[in-house]
Amino acid sequence: MLSAVNRLTDSDGFRRAVRSGRRSGCSTVVVHLWTDPAAAPGPVRVGFTVSKAVGNAATRNRVKRRLRHLTREHLPALEELPGRAVLVVRALPAAAQAPYAALGTDLARTLGRVSAT
């Protein structure tokens with residue numbers, strides 16, 4: 001579970017990250033990262049989007065739980081970004097059938113690409 005300070009709950013944060021942030025994707029997830037280097041440093045806020053295309057409610061919740069856990073492992077690296085950062089992880093339909101290890105590999109690859117740019 002992500003701590004309360006790391007949860008992205010407002011729609012403005014989602015909108016800002018998706019429209020103005022850098023994007024990277026693969027077969028199971030798409031990651032949007034928006035950073036504001038001019039802002040005071042703060043915790044990275046993370047939000048998840050899992051649409052009905054992924055599956056029924058139980059499948060969507062399982063995918064979201066897996067992504068939450070995997071993202072928590074990458075928070076220390078994201079905290080090193082300058083300023084304030086907002087991360088949105090969007091699950092694609094292939095995430096429902098992906099094994100946990102493959103989902104972790106895809107998330108690490110996309111986060112590496114988007115934070116390196």
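How many bridges join E1 to strand E2, and do the two run parallel or antiparallel? In this predicted model, 4 bridges join E1 to E2 (residues 29-36), and the two strands run antiparallel; strands are DSSP runs of E, at least two residues long, and helices are runs of H or I of at least four, both numbered from the N terminus. Residues are numbered from 1 along each chain as its sequence is written. Local features need pLDDT of at least 70, side-chain atom pairs count only at pLDDT 80 or more, and side-chain values use heavy atoms, with hydrogens and water left out.

The open sheet has 4 strands in the order E1-E2-E4-E3, with mixed pairing, where two strands pair if DSSP finds at least two bridges between them. Strand E1 (22-25) and strand E3 (45-50) each have a single partner strand and stand at the edges, so one side of each lacks a neighbour in the sheet. Within the pairing of E1 with E2, Gly-25 stands opposite Val-30.

Two helices lie across the sheet, in contact through heavy atoms within 4.5 Å; angles run from 0 to 180 degrees between N-to-C directions of axes fitted to C-alpha atoms, for helices over the stretch in contact.

| Helix | Strands crossed | Angle |
|---|---|---|
| H2 (residues 57-79) | E2, E3 and E4 | about 155° to E3 |
| H3 (residues 100-116) | E1, E2 and E4 | about 35° to E2 |

H2 and H3 also pack against each other at an angle of about 35°, with their axes 10 Å apart. Residues making this contact include Leu-67 and Leu-70 of H2 and Leu-103 and Leu-107 of H3.
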